[in-house]
Amino acid sequence: MQSKPDLGRRALVLVPYGWLAVFFLIPFLLVLAISLSSVRLGMPPYEPLFAWQGSLLSIRLNLENFIFVLGENTYLLAYLTSLKVAAISTALMLAIAYPLAYGIASCAPASRSFLIFLVIVPFWSSMLIRVYAWMSILRNDGLLNSLLLNLGIISEPLRIMNTETAIYIGIVYTYLPFMVLPIYANLSASDRTLIEAARDLGCSRMAAFWRVTFPLSLRGVAAGCALVFIPVIGEFVVPDLLGGADTQMIGRTIWIEFFNNRDWPVASAVTVLLLVILVIPIVLFQTRLSRTSK
């Protein structure tokens with residue numbers, strides 16, 4: 001018989017698996033089932049996969065939704081645009097977040113808590129309210145253009161709203177804390193004596209950073225990049241409000257298929273393919289990371 005501590009540990013391990021099963025696996029299976037069905041008029045707007053024909057249970061799988069999505073340039077362009085925006089946004093956030101996290105980790109312990117508090121303060125308000133605030137800042141008659149015009153820096157308003165520039169500004173502002181926090185956690189936990197040893201062996205401050213500090217922080221960098229890259233690909237609110245109707249990112253494409261076109265099977269097929277695009281590199285990265293850590 002197993003002891004009570006062993007049963008407790010196993011029960012504790014099952015908690016995250018149960019969480020993933022309830023909030024990820026089951027919803028994914030539902031979306032997958034809808035993606036293999038056919039569209040119809042009515043509620044729900046798709047044919048059921050399973051149907052009784054007399055005493056026999058028949059399964060109606062429709063792969064035409066995936067064939068249609070893979071063969072349509074509109075969806076391919078939306079995927080590529082989302083990947084481009086996510087990659088550029090992640091690079092911008094890394095360039096901003098790493099010096100910020102490094103500076104916070106280098107401060108006195110008494111100051112770190114206050115600085116981290118300032119980083120996470122935006123989370124205390126709704127994301128939608130923050131995006132609307134950026135709309136009032138970036139529009140032609142907004143705060144930014146008014147300030148630049150009054151200072152005489154520009155002679156006419158800059159067109160920032162409904163451009164990719166506005167999307168990058170909104171995404172970087174929204175997701176920056178997700179990049180700062182894991183990098184800061186990694187840097188603050190690193191052994192400072194290694195840097196001192198490198199300096200004693202003749203390394204300059206910059207050489208010690210690139211040879212000691214940065215390699216030790218790569219796990220935090222990888223975690224931060226994953227935390228921002230994955231949700232940005234499917235981002236809908238920021239591109240829709242700041243980028244306008246011409247922005248064809250995959251999140252907005254899925255929304256249009258679900259609510260405008262009422263084509264749930266095609267929208268689900270787009271979603272499933274998006275998850276496949278995200279899961280494959282994550283699995284490869286985790287496999288490589290586990291090999292290098294052994």
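This short presentation describes helix packing, the nonpolar cores and several individual residues in a predicted model.

Good morning, colleagues. I shall begin with the interior. The largest nonpolar core has 51 residues, and those that touch the most other members are V69, Y79, M93, I171, I250 and V270. Helix α7, which spans residues 164-189, gives the most to this core, with twelve residues. A further core, of five residues, lies apart from the largest one, and A198, C203, A208 and V212 are among its members. As general background, nonpolar side chains in soluble globular proteins tend to be buried together.

Let me take V270 from that list. Leaving out residues up to four places away in sequence, V270 touches V69, Y75, Y79, I250 and I254. Y75 appears again in the surroundings of T253, a residue of helix α12, residues 250-260. With sequence neighbours up to four places away left out, T253 touches Y75, A78 and Q248. Is T253 buried or exposed? Its relative accessibility is 5%, and the limit for a buried residue is under 20%, so T253 counts as buried.

I turn now to the helix pairs, starting with α7 and helix α10, the latter covering residues 218-233. Their axes are 7 Å apart and the packing angle is about 155°. Angles over 145 degrees count as roughly antiparallel, and α7 and α10 are therefore roughly antiparallel to each other. The crossing of α7 past α10 is right-handed. On the α7 side, the contact is made by I171, Y175, F178, M179, P182, I183 and N186. On the α10 side, the partners are R219, G220, V221, A223, G224, C225, L227, V228, P231 and V232. By class, this contact has 13 nonpolar, three polar and one charged residues. One of the α7 residues here, I171, was also named among the residues of the largest core that touch the most other members.

Helix α10 also packs against helix α3, residues 73-106. Here the angle is about 145°, and the axes lie 9 Å apart. Again, α3 passes α10 in a right-handed crossing. From α3, the residues that meet α10 are S82, L83, V85, A86, A87, T90, M93, L94 and Y98. From α10, the contact involves V221, C225, V228, F229, V232 and I233. The class count for α3 with α10 is 13 nonpolar, two polar and no charged residues.

The third pair is α7 with helix α5, the latter being residues 127-138. How are α5 and α7 oriented to each other? They pack at an angle of about 140°, with axes 11 Å apart, and the two helices are therefore oblique to each other. Once more the handedness is right, in that α5 passes α7 in a right-handed crossing. The α5 residues in contact are M127, R130, W134 and L138, and their α7 counterparts are A166, I169, Y173 and T174. Those residues divide into six nonpolar, one polar and one charged.

Staying with α7, I would draw attention to S188, which lies in that helix. S188 is partly exposed, with a relative accessible area of 29%. Neighbours within four places in sequence aside, S188 is in contact with A105 and R112. The C-alpha atoms of S188 and C107 are separated by 9.8 Å, although these residues are 81 places apart along the chain.

L216, in helix α9, residues 205-216, offers another view of the chain. This residue counts as partly exposed, at 38% relative accessibility. Beyond residues up to four places away in sequence, L216 touches N186, S190 and L194. How far is the C-alpha atom of L216 from that of Y46, 170 residues away along the chain? The separation is 51 Å.

Finally, I should like to comment on backbone geometry. Most residues other than glycine have a negative phi. N162 has a phi near 60°, a positive value in a residue other than glycine. N162 lies in the loop between α6, residues 143-150, and α7, and is partly exposed, with a relative accessible area of 42%. R262 likewise has a positive phi, of about 55°, although it is not a glycine. The place of R262 is the loop between α12 and α13, the latter being residues 264-293. R262 is partly exposed, with a relative accessible area of 37%.

Thank you for your attention.

Terms used:
Residues numbered from 1 in each chain as written. Predicted model: local features only at pLDDT ≥ 70, side-chain atom pairs only at ≥ 80, totals over all residues. Heavy atoms only, no water. Helix = DSSP H or I, 4+ residues; strand = E, 2+ residues; numbered from the N terminus. Buried < 20%, exposed > 50% of the residue type's maximum accessible area, 1.4 Å probe, protein only. Contact = heavy atoms within 4.5 Å. Core = buried A, V, L, I, M, F, W, Y, C linked by side-chain atoms within 4.5 Å. Axes fitted to C-alpha atoms, helices over the stretch in contact; angles between N-to-C directions. Parallel < 35°, antiparallel > 145°, perpendicular 65-115°, else oblique. Left-handed = near helix turned anticlockwise from the far one by under 90°. Nonpolar A, V, L, I, M, F, W, Y, C, P; charged D, E, K, R; others polar.
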